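Follow the strands through this model. The path leads from a sheet to a ligand and ends at a few local details.

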Amino acid sequence: MAQDNELFKKLVSHCKEYGFIFPSSEIYDGLSAVYDYGQYGVELKNNIKQYWWRSMVQYHENIVGIDAAILMHPKVWKASGHVDAFNDPLIDNKDSKIRYKADQLVEDYINKLYEKAEKEVEKAKKRFGDNFDEKLFRDTNEKVKKYIDEAKIITDKLVKLLEENNLAGLKKLIEELKIVCPVSGTCNWTDVRQFNLMFSTQLGSTAEDAMTIYLRPETAQGIYVNYLNILKTSRQKLPFGIAQIGKAFRNEIVARQFIFRMREFEQMEMQYFVKPGTEKEWFEYWKEQRMQWHLSLGIPKEKYRWHEHEKLAHYANAAVDIEYDFPFGFKELEGIHSRTDYDLKRHQEFSGKKMLYFDPDIQDSYIPYVVETSIGLDRTILAVLSHAFTEDTLSDGTTRVVLKIPDFLAPIKVAILPLVKKDGMNDYALNIFNDLKKYYLCQYDEKDSIGRRYRRQDAIGTPYCITVDGQTLEDNTVTIRERDSMLQDRIPVDNIRKYLHDKLNVI
Ligand code: ATP
């Protein structure tokens, strides 16, 4: 973990140094938990968005996309339950003055117990070698049983306290477990208070007619309130989905860990409307589909795991998260939720508009159930970057940092580099650039030594570098260097397009 923390720090500074991600308003010392995407970050982001949109909208004849406004009628958030219940229980340490999510402190404690149990298993594995019977060991080893039992008891207590909204009980549990602030090391806690995570603002030109509205904390509600419009205009029958990519805003209490938890972030959500009674089937279908999508990003399956929700929201009848092994541990990347007819029913109640679907198969009407997939775009970017970030030691002992991003996500696909800026090599290279730019996002670079330019392209993840050298001027051939192997081919200039077409895995 210490090593991963080191890696995480390097990744954060790499993102800044190479134009991927900058702290917002940096010249004014930044704005906490808000980030800007730079010239390469925005390309990576757009590529991920495009890939998600294709997988969800283009590849499904029964899913359509929308782009709803960020500002919505305040009743939306009353109906959705966000005004009354989109709260986090917060607690402050009186010595360090640092604020935490109270439930998170307990969850971290529980995770440590599971980690301790796993350590015992690992130790035993090493000790017993091939003869090790893991199941038997887990079932019978006293220490492992003790850690797991304790974790389960605390989990049950936490779930109950949260369900009952028992904030005093939550504080008592933190004290009983002797959970200390990692910074001050003390157990000197304030009371637990509820804190609504929505940002509010005023709509209207005069104080009298101003209305308090909210920046949307999720994109899903924009889909629900357009369900009738889509139903009327898209000619879809159940099951059908509505997808959306857009900004969401949450005034997060604990906003650390770079772009993992931001106050302004982007979600890619899809609500799948199904016939009541079929939702479990569709839930399983979307679980599988979404995991396949993650694996198709070129990230191995050990980096993902499922997290079944211990505490189901009152409106959900199934919920699971896909967690990713970030440099700071496994954390939520995407949620797949079976939300019943809760949201549509609430909007029907609050708006007075019937949210019914007429089912021609049974000649009857009902409110559809919904299975949702909800993924954080920024967290996906962090997953892709942290997996791609590699420090290579080369055969001559030097090192390089390379982002091993799949071709279809790489910000720049091809760099065109004159070996030196003279003898017409630069004009020759520019001609190649002007031809290729019609097909791929390319970069022309003539500054610094060729070695440094290769390093720069490696650091932003460019899959191919084309170099124009003295020989090019004589026989119209160029070298093409592949990022990961660093191997170079010499090919005729006329073959560049075909070569890239065959080798570059773009969508
Ligand atoms: P968490 O428990 O980590 O706060 P959540 O369960 O509140 O997340 P959802 O409301 O299910 O998250 O939102 C769907 C997805 O949106 C999450 O899986 C995550 O990828 C992303 N997301 C949520 N909050 C943030 C945030 N503050 N910054 C970046 N991404 C976020």
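Start with a small sheet in this predicted model. Three strands form an open sheet in the order β5-β4-β6, and the pairing is antiparallel. β5 (99-101) and β6 (193-196) are the edge strands, each pairing on one side only. From one strand to the next, the twist averages 45°. Strand β4 covers residues 87-92 and joins β6 through four bridges, in the antiparallel sense. One pair to find on screen is Asp88 and its bridge partner in β6, Phe195.

Now turn to a second sheet. Seven strands make up this open sheet, and the pairing is mixed. Read across, the order is β3-β9-β10-β16-β13-β12-β11. Which strands stand at the edges? They are β3 (63-66) and β11 (304-308). Each has a single partner strand, so one side of each is left without a neighbour in the sheet. Neighbouring strands here are turned by 25° against each other on average, with direction ignored. As background, strands of a sheet pair through backbone hydrogen bonds, either parallel or antiparallel.

Strand β10 is a good place to pause. In the strand order, β10 sits between β9 and β16. Take the β9 side to begin with. β9 spans residues 240-249 and runs antiparallel to β10, with 10 bridges joining the two. Two pairs mark out this ladder. Phe240 stands opposite Phe273 in β10. Ala248 has Phe265 of β10 as its bridge partner.

Then look to the other side. Eight bridges join β10 to β16, and these two strands also run antiparallel. Here Met268 stands opposite Ile375 in β16. Is β10 mostly covered or mostly open? It is mostly covered: 10 of the 11 residues of β10 are buried. In general, the side chains of a regular strand alternate between the two faces of the sheet.

Next comes the ligand. How many residues surround it? The count is 14, and the nearest of them are Glu252, Arg261, Met262, Glu332 and Leu333. By type, the shell divides into six charged, four polar and four nonpolar residues.

Some of the contacts can be traced atom by atom. An N or O atom in the side chain of Arg261 is 2.7 Å from an oxygen atom of the ligand. The side chain of Arg250 also has an N or O atom placed 2.9 Å from a ligand oxygen. Leu333 takes part through its backbone, where an N or O atom lies 2.8 Å from an oxygen atom of the ligand. Taken alone, the ligand exposes 590 Å², and the protein buries 83% of that.

The ligand leads back to the seven-stranded sheet. Which elements give two or more residues to the shell? They are β10 (264-274), β13 (329-338) and β16 (369-376). β13 supplies the largest share, with four residues. These names also appear in the strand order, as the run β10-β16-β13.

A few local details remain. Go back to the stretch before β9. Pro239 is found in the loop between α10 (227-234) and β9. A cis peptide bond joins Leu238 to Pro239, with omega at about -5°.

Two other loops hold residues with positive phi. Gln363 is in the loop between β14 (357-359) and β15 (364-366). Its phi is about 55°, although Gln363 is not a glycine. Is Gln363 buried or exposed? At 56% relative accessibility, Gln363 counts as exposed, because the cut-off for that class is over 50%.

Met486 lies in the loop between β22 (477-482) and β23 (488-492). Its phi is near 60°, again a positive value in a residue other than glycine. Met486 has a relative accessible area of 26%, so it counts as partly exposed.

Finish at a helix. Thr472 belongs to α16, which covers residues 470-475. Its relative accessible area is 0%, so Thr472 is buried. What does the side chain of Thr472 reach? It reaches the backbone oxygen of Thr477, at 2.8 Å.

Terms used: Residues numbered from 1 in each chain as written. Predicted model: local features only at pLDDT ≥ 70, side-chain atom pairs only at ≥ 80, totals over all residues. Heavy atoms only, no water. Near = heavy atom within 4 Å. Polar contact = N/O pair within 3.5 Å; in protein donor to acceptor, adjacent residues only side chain to side chain. Areas by Shrake-Rupley, 256 points an atom, 1.4 Å probe, with all protein chains shown as cover. Nonpolar A, V, L, I, M, F, W, Y, C, P; charged D, E, K, R; others polar. Pairing = 2+ DSSP bridges. Axes fitted to C-alpha atoms, helices over the stretch in contact; angles between N-to-C directions. Buried < 20%, exposed > 50% of the residue type's maximum accessible area, 1.4 Å probe, protein only.
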